[in-house]
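Trainee: Could you take me through this one at the bench-side level, starting with how the helices pack and then moving on to the cavities?

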Amino acid sequence: MVEVLVLGRSQRVKDWGFEVIEIPDLLDESEVHYWVLNLFANNDIDKLVIEMDEKPELALQIGFHIRLTIEELGNYALIPLLYVSHFSLEWLFEPLKPPLFAHLLSTKGVYFSFFKNIQFLEDEIRNMRPLLPSEYKSDFFDIIHPQIFDGITYLPKKQSLADAWSVYRLDKSANTNVLLNNPLFEKNYTKLYFKYAKIKNFGIGLLVSSLKKVGQIALGKSNTIEAYKKRILFVDDEADKGWEMVFRAIFTTAKAADFVVIKESIKKYEDLSQESKDIIEKQDFDLYLIDFKLSENNAIDDIRTFSGVQIMNKIKAINLGNQVIMLISMDKIGYLKTLLSSGIDGYYLKEMPEYGFSSVHSNQNYHVFKMDAARCLTKGYLKFIFNGITRVKTKLRTLNDAIFLRELRNQINLFWDMLQKSHTQEEFAYSYITLYLVIEMVNNYFVRQTKEEKWYIKDSGLLLEWTNTPPPAVNYVKGKEVVGEASEWQKITGLYLQKWKPDNHVVADFTFLSELYFLIRKRNAFVHKDIKILEQKKNGLYLNRDVYSHEGIVRLFKAIEKIIDFL
């Protein structure tokens with residue numbers, strides 16, 4: 001162990017009798033950071049003496065890097081620091097207005113000595129004490145303030161720092177670590193402000209470890225999102241500042257081309273290039289990741305002016321089933337409630353260092369995003385259903401009965417609202433029931449019971465009983481008139497064979513009638529809690545439990561769309 005190591009530049013320090021390492025010309029914070037790491041990687045130091053005569057600002061900056069590089073240095077960050085000069089502090093700091101980093105000298109474990117003689121210096125070194133882990137917060141961290149770094153021209157601007165911090169937190173929470181040792185982004189993480197933000201947000205718990213090793217912690221398994229055979233569009237004017245790299249690592253698409261990026265700074269949707277508009281308007285994606293603000297100049301008083309919102313509105317105008325997750329910085333979180341009510345399907349909060357998010361909160365923030373994204377990637381059926389609803393509504397406009405038209409449209413709109421919010425089995429089942437009511441509405445409109453308890457099909461005579469013949473010669477044979485109770489399947493079958501296909505049974509779709517039978521049967525089983533039917537299996541698979549899923553709803557919707565075509 002080197003008990004005492006001296007850092008200096010002048011010839012005088014070499015006469016003190018200690019081991020000396022010369023401080024080189026370090027041009028920026030990144031160079032200081034790596035020089036400090038190498039210093040402790042190559043020397044087991046107990047106490048550090050730093051000469052201030054030639055470059056006092058750099059000497060103090062080195063001290064700050066030691067104290068704030070706690071994650072990599074461990075207990076080395078606590079060693080006592082003695083600053084020595086042959087000049088007074090007033091003389092040293094007179095050219096520096098303000099004296100940057102001088103605040104360090106007011107913290108515990110940091111000493112200053114005006115050099116008198118070797119004996120006096122040895123006494124000073126002997127009395128030095130390290131900063132204790134229990135003192136780090138109260139006697140160092142709470143005393144300093146990030147404002148002490150103001151005025152350093154190579155420090156990042158607030159916005160760029162916030163961007164660097166946001167993507168860093170996403171990379172860490174997802175444990176993708178794609179920014180680790182990446183030269184394009186690593187320089188941000190060597191800055192004092194960034195180190196300060198890490199400690200402020202994650203607490204002083206980093207000091208718990210007593211290891212004195214400089215090295216990396218085991219990375220562990222990435223917390224990614226399965227996106228095989230899915231297509232994702234990412235729109236962000238800052239995409240090239242780490243966001244694209246991290247999101248590509250998070251979403252495990254089948255190929256790189258399945259993750260498409262638009263990077264443009266715009267004030268409104270119309271400002272996008274034609275190429276980007278074509279991507280949005282002509283290509284199909286399973287998930288859209290949209291940054292809330294693609295320009296620094298958006299007005300802040302009207303959410304409709306934000307470029308990300310305009311892009312979201314365009315995507316939803318193309319198809320309401322399109323799944324959009326909004327990326328929004330924490331200083332715009334006040335808009336989140338409005339965004340959620342305006343149609344976004346999820347969100348990710350871009351963290352900002354000044355908000356003090358702990359690791360627990362960061363991980364929870366990512367967990368919410370991951371759950372939203374995973375759910376969105378399973379909702380491709382919404383696009384199919386919405387396209388179908390658009391076709392259905394176009395067909396309904398041809399109806400002559402305005403009241404019947406309005407009732408059907410209202411029921412379909414109610415179904416769509418419920419389906420978008422359906423996540424659980426029960427929610428899907430109730431969406432199924434809501435859609436099924438369209439069949440009952442059609443039956444009630446066209447099939448009415450007479451005084452003789454028979455059933456009359458509008459403009460097509462009395463409802464007849466229909467029975468199907470066994471395979472292979474599958475057909476439906478008419479029977480006598482239905483009297484008394486009539487099931488919904490009997491009514492819709494009579495409508496199909498007597499009104500919609502009265503003279504053309506040869507080309508009638510008997511498979512469609514069979515499908516209707518089972519669709520109505522599983523609805524009845526759910527409503528009447530008929531477990532026997534709901535648990536029925538064939539070849540090990542449930543026959544009727546898709547009433548609890550979007551698959552069953554898609555099957556029912558296809559049948560209803562066909563019914564609407566006959567109206």
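Trainee: Which residues of H17 meet which residues of H21?
Mentor: On the H17 side they are Phe428, Ser431, Tyr432, Leu435, Tyr436, Val438, Ile439 and Val442, and they meet His550, Gly552, Ile553, Leu556, Phe557, Ile560, Ile563 and Ile564 of H21, where contact means heavy atoms within 4.5 Å. Bear in mind that this is a predicted model, in which local features need pLDDT of at least 70 and side-chain atom pairs count only at 80 or more, while totals for chains, interfaces and linings use all residues. Residues are numbered from 1 along each chain, and side-chain values use heavy atoms, without hydrogens or water.

Trainee: How does that contact split by class?
Mentor: The contact of H17 with H21 divides into 13 nonpolar, 3 polar and no charged residues, with Gly counted as polar and Tyr as nonpolar.

Trainee: And what is the angle between H17 and H21?
Mentor: H17 (residues 425-446) packs against H21 at about 15 degrees, with the axes 10 Å apart, and the two are therefore roughly parallel (angles under 35 degrees).

Trainee: What about H19 and H21, at what angle do they pack?
Mentor: H19 (residues 510-527) and H21 (residues 550-566) pack at about 125 degrees, again with axes 10 Å apart, which means that H19 is oblique to H21, oblique being what is left outside under 35, over 145 and 65 to 115 degrees.

Trainee: Which residues make that contact, and how many are charged?
Mentor: H19 contributes Phe512, Glu515, Leu516, Leu519 and Lys522, while H21 contributes Arg555, Leu556, Ala559, Lys562 and Ile563. By class, the contact of H19 with H21 has 6 nonpolar, no polar and 4 charged residues.

Trainee: Changing topic, how many cavities are there?
Mentor: There are 5 cavities of 30 Å³ or more, a cavity being a set of points on a 1 Å grid where a 1.4 Å probe fits but cannot get out, with lining residues having an atom within 4 Å of a point. The largest has a volume of about 60 Å³, and of the 11 residues that line it, Leu68, Glu71, Glu72, Lys195 and Lys198 are the closest to its centre.

Trainee: Which helices supply that lining?
Mentor: Helix H3 (70-73) and helix H9 (192-202) each supply at least two residues of it, and the lining has 5 nonpolar, 2 polar and 4 charged residues.

Trainee: What lines the second largest cavity?
Mentor: Arg9, Ile23, Glu51, Asp53, Glu54, Lys55, Leu58 and Ala59 line the second largest cavity, whose volume is about 50 Å³, and they divide into 3 nonpolar, no polar and 5 charged.

Definitions and conventions. 1 Å grid on protein atoms, 1.4 Å probe; cavity = no way out; pocket = protein on both sides within 12 Å on 5 of 7 lines; lining within 4 Å. Points joined across faces, edges and corners; volume = space filled by probe spheres on them. Helix = DSSP H or I, 4+ residues; strand = E, 2+ residues; numbered from the N terminus. Axes fitted to C-alpha atoms, helices over the stretch in contact; angles between N-to-C directions.
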